[in-house]
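Dear colleague,

I am passing on the structure we spoke about, and I would be glad if you could look through it at your convenience. My notes follow below the entry.

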Amino acid sequence: MTSAFLRVLAVDDEPPALDELAYHLRADPRVARLHTAGDATEALRVLRDDDVDVVFLDIRMPGLDGMELARVLRRFARPPAIVFVTAYDDGAVDAFDLGATDYVRKPVRAERLAESLRRVIGSRVVPNHPAAAARTEEDPTIPVELAGTTRMLPRSAVRWVEAQGDYARLHTADGSHLVRVPLATLAERWADAGFVRIHRSYLVQLRLIAELRLVNSGYVVVVDSAELPVSRRHTRELKDKLVRAAKQDWNR
């Protein structure tokens, strides 16, 4: 049986929705302690007096709303994980900007909340969690639409990214997802994770480049089975990065 270890706070200004959320969370064997709050002010009082690992947070609330509260929580010395629970999908991009662990649509289902708790455990070191020592790296997520449900896709699953106007298409091993985030934004945020700009329309995970090939029109890189163009302005920088990466591998 799974041991209880998570300290959870559920926040929603609608009592029936809060009761339903609390019911499902209490039923999960990984939840050791559950606090509830009907608004942001009450939530901050709970967080002042108790340590919390994750906050399940409604977005549309009177006074300080869920997004504003999440921005406050980000400034904590040890901020809790955030899981937004909402009836609307128009906050998914803001959730990504705030580093949310998950984005759950109402009405909530027990199995969907269980998946959120799994994501919380996988994305952070939780005190007293039996596998805490094994998790040392951050793997940020980005909200994507899948069969009418907003899911948080781990960055590690993305192979390359293609610009489509003000949107970006994330290519993974088993498909692609269109997100409302410009390619330039992802290029800036994911540079430290090894993603490199090879063209105004393409961003690639450097370690996944299998070939850099000269063709009639210029260079292309091969990622999985896809050939992606390398613009002239990015060619020299890409070659340098590939050489440096290869040298690091040799020296290991």
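Which strands does helix H5 lie across, and at about what angle does the helix run to E5? Helix H5, made of residues 110-123, lies across E1, E2, E3, strand E4 (81-86) and E5, and its direction is at about 175 degrees to that of E5. Please bear in mind throughout that this is a predicted model. The protein chain has a mean pLDDT of 84, with 86% of its residues reaching 70 or more. Over residues 125-137, however, the pLDDT is below 50, although this stretch has 18 contacts in the model beyond near neighbours in sequence.

The strands under H5 belong to an open sheet of five, ordered E2-E1-E3-E4-E5 and paired in parallel. Its edges are strand E2 (31-37) and strand E5 (102-105), each of which pairs on one side only, and neighbouring strands are turned against each other by 20 degrees on average, direction ignored. Within this sheet, strand E1 (residues 6-11) is joined to E2 in the parallel sense over six bridges, and Val8 stands opposite Leu34 in E2. A further helix, H1 (residues 15-27), lies across E1, E2 and strand E3 (54-57), and runs at about 170 degrees to E2.

As for the packing, the largest nonpolar core has 22 residues, and those with the most contacts inside it are Leu9, Val11, Val55, Leu57 and Phe84. At least two residues of this core come from each of E1, helix H2 (40-49), E3, helix H3 (66-73) and E4. Leaving aside neighbours within four places in sequence, Val11 has contacts that include Leu18, Ala37, Ala43, Val55, Leu57 and Met61, as well as the acidic residues Asp39 and Asp58. Apart from the largest core lies another, of 21 residues, among them Leu18, Leu21, Val31 and Val104.

A second open sheet, also described by five strands, has the order E10-E9-E8-E12-E11, and here the pairing is antiparallel. Strand E10 (175-179) and strand E11 (195-199) stand at its edges with a single partner strand each, so one side of each is left without a neighbour in the sheet. The twist from one strand to the next averages 20 degrees. Strand E8 (residues 158-164) and strand E9 (residues 167-172) pair in the antiparallel sense over six bridges, with Gln164 standing opposite Tyr167 in E9.

With kind regards

Notes
Residues are numbered from 1 along each chain as its sequence is written. This is a predicted model: local features need pLDDT of at least 70, side-chain atom pairs count only at pLDDT 80 or more; totals for chains, interfaces and linings use all residues. Side-chain values use heavy atoms; hydrogens and water are left out. pLDDT is the predictor's confidence in each residue, from 0 to 100. Contact means heavy atoms within 4.5 Å. Two strands pair if DSSP finds at least two bridges between them. Helices (H or I, at least four residues) and strands (E, at least two) are DSSP runs, numbered from the N terminus. Axes are lines fitted to C-alpha atoms, for helices over the stretch in contact, and angles run from 0 to 180 degrees between N-to-C directions. A nonpolar core is a set of buried Ala, Val, Leu, Ile, Met, Phe, Trp, Tyr and Cys residues joined through side-chain atoms within 4.5 Å. Buried means under 20% relative accessible area, exposed over 50%, partly exposed in between (1.4 Å probe, protein chains only).
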